[in-house]
Amino acid sequence: MTYHPKSEFLNVMRARGFIADCTDLQGLDEALMAGVVPGYIGFDATAPSLHVGSLIQIMMLRWLQKTGHKPITLMGGGTTKVGDPSFRADERPLLTNAQINANIEGIREVFAAYIDYGGSETGALMIDNAEWLDGLNYLEFLRDVGRHFSVNRMLSFDSVRSRLDRDQSLSFLEFNYMILQAYDFVELNRRYGCRLQMGGSDQWGNIVNGIDLARRVGEVELFGLTSPLLTTADGRKMGKTADGAIWLNSEMCSPYEFWQFWRNTLDADVGRFLRLYTELPLEECARLGALEGSEVNEAKIVLANEVTTLLHGAEAAEKARATAREVFEKGGVGAELPTVELAPEDLGEGVPVVQLIVKSGLAKSGKEAKRLIAEGGARLDDEPLSEPGLMIDAGRLARPVKLSAGKKRHALVKLSD
């Protein structure tokens, strides 16, 4: 980066590692210095929550507001009906309006933990692009907007070419997505004065399309800023584990499970994650990131505490830390562990332990649970579990039972009140 920005926002983005590319770094910097800049990131409502993979974008919006600018969270109530084909191997399943609206409500809860939707000059806005997309007249849209897009150029974007190079189908519906996203940027500028779109580097083509469209239809100068697509030090996609996505909604991933995800960060990722996902001073991030050996566990606990506090609050973070201490350091049963509750009348002569392992989320299927037992990876109350046919009855559940898969994943089974 040869240009050295003067605005606080871009300095934070640069120093903490958020910037992959920018369409006009100096122009954006000057705009940020001149006054409040509204900036947005779009999120399609394909699930009732976002997951950790979206957290880098959420933190960018948070920093935008903290440095005196106006974040806009654009919900894709309209574009979710189409589906973003970017770097996907197949077409997304189509959702109903009711499913999309329910998902937006779930995602709204996540954003409220990070940014302030108050009525001030920098108060965030949550906008649904169905506001303008649902009422589009198709022929007018083709004439007024579609004519500005070259099919040759659209076919050249990596997100499209990667699908075609693998001979994977790309529907005409999906092909329209990049036009709709470009139109979103123009409409947000017209309606709310938005001048900045941010996103992961996989969105670069879509962002540039919006800037080009704005220039063609209104001669408005807009800006794009992308963040790097993160993988962990061992090459895994950020936010994905062997058990699936780490969701940001507490109903889908408990604060303890969320805390534990960050506590299990690879040593090589600690410093980078502290810079990206916490607001600790950079000097402290560097100090903690430089710890080695057993001392690095101190940094991982700080990381887990800080990230969990931002999302779920300080009390939830402390409960998660206390549970981890009870489970790992004292060999006890932590009250905040994921819990399966069984009604006494449903027990009968007992429930197979394999079934409980699946119910608790420690295995995805009975076959996987049996393999876990056979390979010595399952424990019952911290003792090796070797009998896949074991039945857990009411007598055994006079007090909560702890199930474990390996050293780091645990769950409780107890009778409901």
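In the predicted model, R108 has a relative accessibility of 35% and therefore counts as partly exposed. Its salt-bridge partner is E105, and the closest N and O atoms of the two side chains are 3.1 Å apart. E105 is likewise assigned to the partly exposed class, its relative accessible area being 42%. Both residues belong to helix 4 (residues 97–112), where a spacing of three residues places R108 and E105 about one helical turn from each other. Side chains of opposite charge can pair when their charged atoms come close.

A search of the whole structure returns 13 salt bridges, the R108 pair being considered here together with two others. In helix 14 (residues 282–289), E284 and R287 are also three residues apart and hence separated by about one helical turn. Their side chains meet in a salt bridge with an N to O distance of 2.9 Å. E284 is partly exposed at 27% relative accessibility, and R287 falls into the partly exposed class at 39%. Beyond individual pairs, E131, E187, R190 and R191 are joined into one network by salt bridges that share partners.

The salt bridge between R272 and D269 brings the closest N and O atoms to 2.7 Å. Here the two partners differ in accessibility: D269 has a relative accessible area of 2% and is therefore buried, whereas R272, at 25%, is partly exposed. The cut-off for burial is a relative accessible area under 20%, so D269 lies below this limit and R272 above it.

Turning to the overall architecture, the protein contains 19 helices and 15 strands. Of its 417 residues, 50% count as buried. Contacts across the sequence were also examined: among those between residues at least 6 apart in sequence, 73% join residues at least 24 apart.

One helix pair was examined in detail. Helix 1 (residues 8–16) packs against helix 3 (residues 55–66) at an angle of about 145 degrees, and the axes of the two helices are 9 Å apart. The crossing of helix 1 past helix 3 is right-handed. On the side of helix 1, the contact involves F9, V12, M13 and R16, which meet M60, W63 and L64 of helix 3. By residue class, this contact consists of six nonpolar residues and one charged residue, with no polar residue present.

Aromatic side chains provide further links, with seven aromatic pairs counted. For Y40 and F185, the ring centres are 5.4 Å apart and the planes stand at 65 degrees, so the arrangement is edge-to-face. This pair connects distant parts of the chain, as Y40 lies in strand 2 (residues 38–43) and F185 in helix 10 (residues 177–192), 145 residues apart. Y40 and F185 are both buried. A second edge-to-face pair is formed by F43 and F111, because their planes are at 65 degrees, with ring centres 4.9 Å apart. This pair too bridges distant parts of the chain, linking F43 in strand 2 to F111 in helix 4 across 68 residues. F43 and F111 are both buried. In addition, F258, F261, W262, F273 and Y277 form one aromatic cluster.

Helix 10 also contains Q181. With a relative accessible area of 7%, Q181 is buried. Apart from residues up to four places away in sequence, Q181 touches Y40, Q197, Q203, N206 and I207. Y40 is thus in contact with Q181 and is paired with the ring of F185. The C-alpha atoms of Q181 and G78 are separated by 10.0 Å, although the two residues are 103 residues apart along the chain.

T226 is located in strand 6 (residues 223–227). Its relative accessible area is 1%, and T226 is therefore classed as buried. When neighbours within four places in sequence are set aside, T226 is in contact with F18, I19, A20 and D21, as well as with G199, G200, S201, W204 and I207. I207 appears in the contacts of both T226 and Q181.

How values were computed:
Residues numbered from 1 in each chain as written. Predicted model: local features only at pLDDT ≥ 70, side-chain atom pairs only at ≥ 80, totals over all residues. Heavy atoms only, no water. Axes fitted to C-alpha atoms, helices over the stretch in contact; angles between N-to-C directions. Helix = DSSP H or I, 4+ residues; strand = E, 2+ residues; numbered from the N terminus. Left-handed = near helix turned anticlockwise from the far one by under 90°. Contact = heavy atoms within 4.5 Å. Nonpolar A, V, L, I, M, F, W, Y, C, P; charged D, E, K, R; others polar. Salt bridge = Lys/Arg side-chain N within 4 Å of Asp/Glu carboxyl O. Buried < 20%, exposed > 50% of the residue type's maximum accessible area, 1.4 Å probe, protein only. Phe/Tyr/Trp six-rings, centres within 6.5 Å; stacked < 30°, edge-to-face > 60°.
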